[in-house]
Amino acid sequence: FSRTLNPGIRWVTYSRAELDYPVVVAAIFVSGIGGTFQYGFSISVMTSPSAFINQLVNQTCVHRYGVHLPEGQLSLIWSFMVSIFCVGGLLGSLVASPLLSRFGRKRCLLGNNCVTVAGAVLMLLSTTAQSFEMIMAARFIYGVSAGVGLSVHSIYLLECAPKRLRGMVGVTVATFASFGKFLAQLLGISEFLGTRERWPWLLGFNGFAALLQLSTLPFLPESPRFLLLDRGDQQACERALRKLWGDRDHSREVEEMLEEKAAQQGIRSHSVLELMRNRSLRWQLLTVLVSYLALQLCGINAVYFYLFAVLRAAGIKEHQLRYAALGTGLCETVTSVACFLIIEKTGKKVLLLRGYTGMSAVLILLTITLYFQKHVSWLPYCSLVLIFLFIFCFASGPAGATAPLAGDLFTQQFKSAAYIIACTINWICLFVVGMVFPIIVEHLQAFCFLIFLFFCISCGLFIKFNVPEIKNLTALQIAAEFQKMHAKGNESKTTEVNKFPTQETKL
């Protein structure tokens, strides 16, 4: 009762819980640095050295072919270099599930680090070899690694954490992605690695993060759930639990896992095609499709992919670009950490609705300030403030509420197919944004954000009128809420269906 009155008490409770599980806390940091951190770092790292990379592309073409590329072709190569990361991410997310089942969570993370190191080596040698194609290949490899890491990181942590810490663990997955974006911007300033001589080391920093995890992860145990449910090794599971949760009796937790394994026997996982054909899950599937489309097409990744271009359009001076970009990453990181209490207290529908409503209002104001900033000297600073507000609205709502939707809305037999659909949409939309946004900026200029405004408003309206609140509901209860909201026919049939369980209970 006291937790509901004072959210600060809940924070203190979680802080004390962390002290009881120091190995779990270590697992959070070790898995995070090679997991979603790599995704966030790769998203924003290309912003700072963009001018130097374009120079390398031009120098390579002049040296090989004696041709100086026009601006349009250079922009196309740059866009493909940024977006090929998403192609690798899609491939990585598709192969993550069979890799997890065959090699386990820990081995999968270790092998994934070796892939990242290979990409980092290509990045570091790109200037020496005068080859921008090596940067493209490295970005593709980074994408594969990020696609695998996004899945493995979250699954490994959730399976290693006790129930009382799983809420906190879920937030840290998003927090490490935000921290990766921030650190990429911090290292990209001229005082660190954002110089003509050191920018290859900035792009190769993913390799150092991978080596850090590669040297520390072997000291942590494999996921206890994987050892028991997939390998059938109860003794190894108990050893892992004692190492993670302390030297005490964990027989109750083992019994719960065995009960879950027995309950899942005979339940077949359905394919993506079967999920799409299932009419009873139509609205849940539409909710996932719309939410993940809006998550990538709301404009947040366009801001990070081409942050300097956005800040230039906002009127920020050239020597201030890196520091303004640094502020955006810090804003999302701080908001992501603070979002923990909000997510615990507020329903996902409210979070999504508030987030997209706020983002829509900010995009309208941002378009106005961009259009009139040449006529009013102080409007560029308003544009910068609005960019920060846009990131705040995203981080405090859609960023935390969208990711778990595929697991929340579907029962166990449909979850795998739902996650495949969600990941596919995520990476395809990210690729489209990376390829198309520079062209949008070039042709629409001050009105470039109106396209993202359309997706924010559309998603907000869809959620308001077509999605029920799902807070503290099981997948079966959520299905009943969707059916109640979208029931066709007269009320008598709906009432009859709703009353049937009560009559059956009385009998």
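1. A quick convention before anything else: a residue counts as buried under 20% relative accessible area, exposed over 50%, and partly exposed in between, using a 1.4 Å probe and protein chains only. By that yardstick R64 is partly exposed, because its relative accessible area is 37%.

2. Housekeeping: this is a predicted model, where local features need pLDDT of at least 70, side-chain atom pairs count only at pLDDT 80 or more, and totals for chains, interfaces and linings use all residues. Residues are numbered from 1 along each chain as its sequence is written, and side-chain values use heavy atoms, with hydrogens and water left out.

3. On to the salt bridges, meaning a side-chain nitrogen of Lys or Arg within 4 Å of a carboxyl oxygen of Asp or Glu. The count by this rule is 6. One of them pairs R64 with E133, with 2.7 Å between the closest N and O atoms. That pair ties together distant parts of the chain, 69 residues apart: R64 sits in helix α5 (residues 50-65) and E133 in helix α8 (residues 132-160). Helices here are DSSP runs (H or I, at least four residues), numbered from the N terminus. E133 is partly exposed, since its relative accessibility is 31%.

4. Helix α26 (residues 475-485) has a local pair: K484 and E481 lie 3 residues apart, about one turn of the helix. Their side chains form a salt bridge at 3.7 Å, N to O. Both ends are partly exposed, K484 with a relative accessible area of 49% and E481 at 28%. Elsewhere, salt bridges with shared partners connect R252, E255 and E256 into one network.

5. Within that network, R252 and E256 meet through their side chains at 3.5 Å, N to O. The two are about one helical turn apart, because 4 residues separate them in helix α14 (residues 251-264). R252 comes out as partly exposed at 45% relative accessibility, and so does E256 at 27%.

6. If you like greasy surfaces, look at the nonpolar patch of about 770 Å², built from I364, L365, I368, Y371, F372, L444, F447, L450 and I451. Patch members need over 30% relative accessible area and no salt bridge, with nonpolar side chains (Val, Leu, Ile, Met, Phe, Trp, Tyr) joined within 5 Å and like charges within 9 Å. Accessible areas are Shrake-Rupley values with a 1.4 Å probe, and for residues only the protein chains shown count as cover.

7. Which helix gives the most to the nonpolar patch? It's α20, with 5 residues. Both α20 (348-372) and α25 (450-466) supply at least two residues each. L444, another patch member, lies in helix α24 (residues 412-444) and is partly exposed at 36% relative accessibility.

8. For helix geometry, check α6 (residues 71-103) against α7 (residues 105-125): their axes come within 7 Å and cross at roughly 120°. That makes the two oblique, as angles under 35 degrees are roughly parallel, over 145 roughly antiparallel, 65 to 115 roughly perpendicular and the rest oblique. The axes are lines fitted to C-alpha atoms, for helices over the stretch in contact, with angles from 0 to 180 degrees between N-to-C directions.

9. One last spot: L330, in helix α19 (residues 321-345), is partly exposed at 42% relative accessibility. Its C-alpha atom is 8.2 Å from that of S178, although L330 and S178 are 152 residues apart along the chain.
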